[in-house]
Each structure stands twice: as structure tokens, then as C-alpha cells.
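This report examines one protein chain, from its overall make-up to individual residues. Please keep the sequence and the three-dimensional view at hand while reading.

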Amino acid sequence: MYAAELPQARFIRAHGEVDPGSASTSTRTSRTLRSFPEPPLDGVWRAGYGVGFVPSAVLTQPGSLARHHPLGTSTGALVEQRGDWEALVCEAQRTSTFAVELAALSAGELPELLHFLSAAPSLPFHFISLHAPSKGRRLREKQLVAMLLEVVRCVDAVVVHPDTIDDAARYRALGSALVLENMDSRKHGGRTAAELAAYFAALPQAGFCFDVAHAASVDETLAEGERLLDSFGARLRHVHVSSLDEDCHHVPLTAADEERFAPLLRRCRDVPWILEAPLRKI
């Protein structure tokens, strides 16, 4: 399937019709969206970045998470539903209907996600990103980019790990939908502002996804996080929020990290925050 084969129609949100041109600055074309059933949860509707449902599980969180919107979750954190995209979307609404990241973290998940999106599914979210495969990639880079091109007009952002890029020129076709994420301390590139500069020079239309926990793993003082925002804040499209364990795996944001990250997160108030781990239990 190629991009031209994806369904086209008008944007229809839960609260009415929206002009596709005003929905975001993405390359997403219009499509029909019928709402999923509202999640069977207590919560409130919030406005300001569209209109979306925020469950009480989020509102009762202490600190900046409860106050921020748009907020959303990454389906990569939803292990129990993995592989069932409809179930993943339903579960993601339990965090918020403002934003979601559809995470095809392994190469085998991407064809299934493309098949799901090709049916013009019911997606109530105002901001939708797709996380490209970052592990187990068996596809040639040319094939991967061709698959990502199928969905650039169905989403607001396509997140790519810079350390997986072999030939940056191939990714230019993604235009402003492409979003590069700063890497954690395990990786060999894309970790710092200096390392990312070459990627953005090669991909001048690309946006930036700031992973605050990755930045902290590279520099515990968070000075590198400040440099990343100083350098690429104008490109900022969304933020990944979590804590990391000792192996740099995403875990629920701790109270200590939420307080520690607050100065950086205050610089990111105008973009969606995507949770890369479930909300912590309180």
C-alpha cells in the first residue's frame, strides 16, 4: 500500500467538525474520525488544545503532570495490549484523548500499524505521533522510509531515533513530519546538542522530540537538557516523559524526577507530553 491508497475524508472530532488546516501544523490530510466509546472513567473535559477527556487517574497525580495539557501516552508502554491496535487505542484514552504516540518500536510492528491506519480507524486524539522502529530492524532503510511515507499525512509526527539513520538524505521526503529524538547514554550518537546538530543540518525541516529522561541519563546536572532546548527548542514538537531504571529502560516518572525535571518541562509547556511509562501509583 502506498500513500495515495489511504482513505481521505473530512476531520470529524468528538466535539464537531474541524478545519484540517487549523488542526495542527502537520502534513496530515483530512480523514473521517468517528469517536471510540468514551472510556468508562471519571474525569473532566478540558479545552485549550482542542477538546479532550482527562481521566481522574491523571488529575489526581501530584505535580506538573496533572496540570499539563495536552498530555498523552505511548502505546509502547502498554505491554498487555501489544499487537492489538484497537485495544491499544482504547487503553491510551485512559490517560487522555488529547494525544497519543502509536509506537511501532520493533520492525515487525510497523506493517500491522500501517494496516490498522489504512482502514481509517476511529482516533479521537488531537495530536497523533508514530514512533518508527528503533530495534530489530530487518528492513532496508529505503523500504522503511517508503513505509513511513504511507502514513505521514495521517499523523502529526513521525519520531525517528537518529542513531538508526544511515543515510539522512532518504528521510528528507518525510519533510516536517519527521521528528528526531535525543538519545540516552547507551547510544553512540544523537545524545547531545552537538551530536544532533549534524542530523538537523542534513534534515532542516525536521522537528525535535525532547526525551527528558534521556537527557538526564547523559548529564545528571541536566545542563545538557538545557543545551538541547536552547539549540532546538524552536523545532520542539513534543516531549517524552518518564524515569529510567539503571539499564535505561523507561519506568513510571518518580516524584523525585518530576521535581528534578520541572525546570526543563516548564520550557515545554506548549507541546504534548507523551508518557513512555504508565502513571505511577499513588
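Is Val239 buried or exposed? With a relative accessible area of 0%, Val239 is buried, because buried means under 20% relative accessible area. The model discussed here is a predicted one, and the sections below place this residue in its wider setting.

## Overall composition

The protein contains 10 helices and 14 strands. Of its 282 residues, 53% are buried. The accessible surface amounts to about 12,300 Å², and carbon and sulfur atoms account for 51% of that area.

Contacts that link distant parts of the sequence can also be counted. When contacts between residues at least 6 apart in sequence are considered, 70% of them join residues at least 24 apart. Several individual pairs described below illustrate how residues separated along the chain are placed in space.

## The nonpolar cores

In soluble globular proteins, nonpolar side chains tend to be buried together. In this model, the largest nonpolar core has 62 residues, and the members touching the most others are Leu130, Tyr171, Leu180, Phe208, Phe210 and Val239. Helix H5 supplies the largest share of this core, with five residues. There is also a second, separate core of eight residues, including Phe98, Phe127, Val159 and Val179.

Leu180 shows what such a position looks like in detail. Apart from neighbours within four places in sequence, Leu180 is in contact with Val160, Ile165, Tyr199, Phe200, Leu203, Ala206, Gly207, Phe208 and Cys209. One of these partners, Phe208, is also among the core members that touch the most others.

## Val239 and its surroundings

Val239 belongs to strand E11, which covers residues 236-241. When residues up to four places away in sequence are not counted, Val239 touches Phe210, Leu265, Cys268, Val271, Pro272, Trp273 and Ile274. With one of these partners, Cys268, the separation is 29 residues in sequence and 7.4 Å in space, taken from C-alpha to C-alpha.

## How helices H4 and H5 pack

What angle do helices H4 and H5 form where they pack? Helix H4 (residues 85-92) and helix H5 (residues 109-118) meet at about 80°, and their axes lie 10 Å apart. The two helices are therefore roughly perpendicular to each other, since angles of 65 to 115 degrees count as roughly perpendicular.

On the H4 side, the contact is made by Trp85, Glu86 and Val89, while H5 contributes Glu109, Glu112, Leu113 and Phe116. Sorted by character, the residues of this contact comprise four nonpolar and three charged ones, with no polar residue.

## Two residues with positive phi

Most residues other than glycine have a negative phi. Ala120, which is not a glycine, nevertheless has a positive phi of about 50°. Ala120 is located in the loop between H5 and strand E7 (127-131). Its relative accessibility is 26%, so Ala120 counts as partly exposed.

Leu222 likewise is not a glycine and has a positive phi, here about 70°. Leu222 sits in the loop between helix H8 (212-218) and helix H9 (223-232). With a relative accessible area of 8%, Leu222 is buried.

## Pairs separated in sequence

Which residues in loops are buried? One of them is Asp156, found in the loop between helix H6 (141-149) and strand E8 (157-160). The relative accessibility of Asp156 is 1%, so this residue counts as buried. Asp156 and Leu130 are 26 residues apart in sequence, and their C-alpha atoms are 8.1 Å apart.

Leu253 lies in the loop between strand E13 (250-251) and helix H10 (255-265), and is buried with a relative accessible area of 6%. From Leu253 to Leu279 the separation is 26 residues in sequence and 7.1 Å between C-alpha atoms.

Ala202 lies in helix H7 (residues 193-202). At 21% relative accessibility, Ala202 counts as partly exposed. Its C-alpha atom is 7.0 Å from that of Ala169, although the two residues are 33 apart along the chain. Leaving out residues up to four places away in sequence, Ala202 touches Ala168 and Arg172.

Definitions and conventions: Residues numbered from 1 in each chain as written. Heavy atoms only, no water. Axes fitted to C-alpha atoms, helices over the stretch in contact; angles between N-to-C directions. Helix = DSSP H or I, 4+ residues; strand = E, 2+ residues; numbered from the N terminus. Parallel < 35°, antiparallel > 145°, perpendicular 65-115°, else oblique. Contact = heavy atoms within 4.5 Å. Nonpolar A, V, L, I, M, F, W, Y, C, P; charged D, E, K, R; others polar. Buried < 20%, exposed > 50% of the residue type's maximum accessible area, 1.4 Å probe, protein only. Areas by Shrake-Rupley, 256 points an atom, 1.4 Å probe, with all protein chains shown as cover. Core = buried A, V, L, I, M, F, W, Y, C linked by side-chain atoms within 4.5 Å.
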